[in-house]
Amino acid sequence: MKYRPQTILCSLLTCTSIAFAQESPSRSLTWTLSTEKLELIETILTQANEQEIITIDTYGLRRRWAINDLFFALPTTTSPSRTNPFANEPGETQHTRYITLTDGQVLKGVLLEPRHDDALTCWVYTGTTMRGSATIALEKVRSISDRPRGIWEPVDAQSDSITTISDDVFVGFVESVGPKVTIATSRDLVKIDLDQIREIRLANIPERIDGIYLSTAEGLRLRISTFDFDFQHALSATIDPQALGFDADAPSMWVMPPEAPAGIEIIRSDRQILSLTNIDPQLIEPTGGRDWTPAPTVLSSAIHPILSAIDLHAPVRVIYPLPEDAVRFACTLLPSINTWTDCIASIYAIAHDGQRTELLNTRLNADHTTQSLNVAIEPNTAYIEIRIDPGASGPIQDRVLIEHPRVLLETN
């Protein structure tokens, strides 16, 4: 059998990348990068620092990505579950908790008797390494949990609350946090042993602080000024000790195992990426002469909200209001292909004055199973309209998944 030269070259490059993947730890395999132009790119991440990320594609070709050109880089799949994945490490106690701060950082600590009622005191750990004692003002804490919470899970509490392991909920004002937690409810003052508590939520307003945030495999999220990892050698990262409640002279350089890196996110005040799944539709109405249609369903991603999707179960017209400063929109349309699947998908940008601009108009069926969109929109765009109309076969089996619908916001 004869092979074309380019076929042989592609085969060699593919074998090279496969061999690389087999030699590297699992966390250095496929990651998803989100760029400032709303691109979502799956690639093999091999090395990263505060300046750039280095990747290798399936053909063995390397590419460098400037950190400032990205919104995030995250493993494409979550880690396989293990039996009791959040079990305490050796040397930890039942008082070990994950502490989420208002700036989005997440620490793991063993709670101690508080030095002040309006602050918590803890020994901070990464793995089995004790990093020192931290004192954190309660007004800087969003939640304290026995396991990592998704950093993007909303904590829209109007009051503080405590949820026990038996699912009892106490609502009021948390006065002190330590091995015993005190909460003033509307009826009395309640003290609860920490080992009986699943989660504490504090009604503090989250802060959006610019910077690079590094996530680790054990559920930490740290704002760092420098970092370096390649999955072969130890991860090094420079933290902000005072933002984590340490003394100003505490060590700022942390070293963690090679398998620790689990995500990078870049927060900026001048631009932001937003998922359409985080916006409630202003209008939902059936198309194709139907009197009723199911409401769209949000399929949330465990990796990042931007990787979520909207499931349109039948022909429908849906309008989403956009925040100010929206300048770009992107998504991918995936119909659920069945025997009678055939529909027309269109997307419009609608200005405040009602002017409509068509961004996409395409037919989806067995011969055209996907359609991607990534376009600039006018700065005065007030709404995005997504419309699915029945095709030649009528409305039956016209179900479309709007994958990763995302908006770019830019401020001057």
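This briefing describes the fold, the strand pairing and the cores of one protein chain.

The model is predicted, so that local features need pLDDT of at least 70 and side-chain atom pairs count only at pLDDT 80 or more, whereas totals for chains, interfaces and linings use all residues. Residues are numbered from 1 along each chain as its sequence is written, and side-chain values use heavy atoms, with hydrogens and water left out. The secondary structure comes to one helix and 31 strands, where helices (H or I, at least four residues) and strands (E, at least two) are DSSP runs numbered from the N terminus.

**Confidence**

- The mean pLDDT, the predictor's confidence in each residue on a scale from 0 to 100, is 87 for the protein, and 87% of the residues reach 70 or more.
- Among the elements, helix α1 (residues 5-23) has the lowest mean pLDDT, 36, and strand β18 (residues 235-239) has the highest, 98.
- Over residues 1-27 the pLDDT is below 50, and beyond near neighbours in sequence this stretch has 24 contacts in the model, a contact being heavy atoms within 4.5 Å.
- Over residues 79-92 the pLDDT is likewise below 50, with 13 contacts beyond near neighbours in sequence.

**Burial and surface**

- Of the 412 residues, 47% count as buried, that is, under 20% relative accessible area, with exposed meaning over 50% and partly exposed lying in between (1.4 Å probe, protein chains only).
- The accessible surface, from the Shrake-Rupley method with a 1.4 Å probe, comes to about 20400 Å², of which 49% belongs to carbon and sulfur atoms.
- Among contacts between residues at least 6 apart in sequence, 64% join residues at least 24 apart.
- Thr 46 lies in strand β2 (residues 40-49) and is buried, with a relative accessible area of 8%; Thr 46 and Gln 232 are 186 residues apart in sequence, yet 9.3 Å apart in space, C-alpha to C-alpha.

**The five-stranded sheet**

- Five strands form an open antiparallel sheet in the order β22-β25-β30-β27-β28, two strands being counted as paired if DSSP finds at least two bridges between them.
- Strands β22 (283-286) and β28 (356-365) stand at the edges with a single partner strand each, so one side of each is left without a neighbour in the sheet.
- Neighbouring strands of this sheet are turned by 10° against each other on average, direction ignored, with axes taken as lines fitted to C-alpha atoms and angles running from 0 to 180 degrees between N-to-C directions.
- Four bridges join β22 to the antiparallel strand β25 (residues 316-321), and Glu 285 stands opposite Arg 317 in β25.

**Strand β7 and its partners**

- Six of the seven residues of β7 (residues 106-112) are buried, so this strand is largely enclosed by the rest of the structure.
- Strand β6 (residues 96-101) runs antiparallel to β7 and is joined to it by five bridges; the two form a hairpin with four residues between them, where Gly 104 in the turn has a positive phi of about 95°.
- A hairpin through six residues joins β7 to β8, and β7 pairs with β8 (residues 119-126) in the antiparallel sense over five bridges.
- Val 110 is the bridge partner of Thr 96 and also stands opposite Trp 123 in β8.

**Nonpolar cores**

- The largest nonpolar core (buried Ala, Val, Leu, Ile, Met, Phe, Trp, Tyr and Cys residues joined through side-chain atoms within 4.5 Å) has 50 residues, and Ile 53, Leu 120, Val 177, Ile 200, Phe 227, Phe 229 and Ile 264 have the most contacts inside it.
- Strand β17 (residues 221-229) gives the largest share of this core, four residues.
- Apart from this core lies another, of 29 residues, among them Ile 279, Ile 310, Leu 359 and Ile 377.
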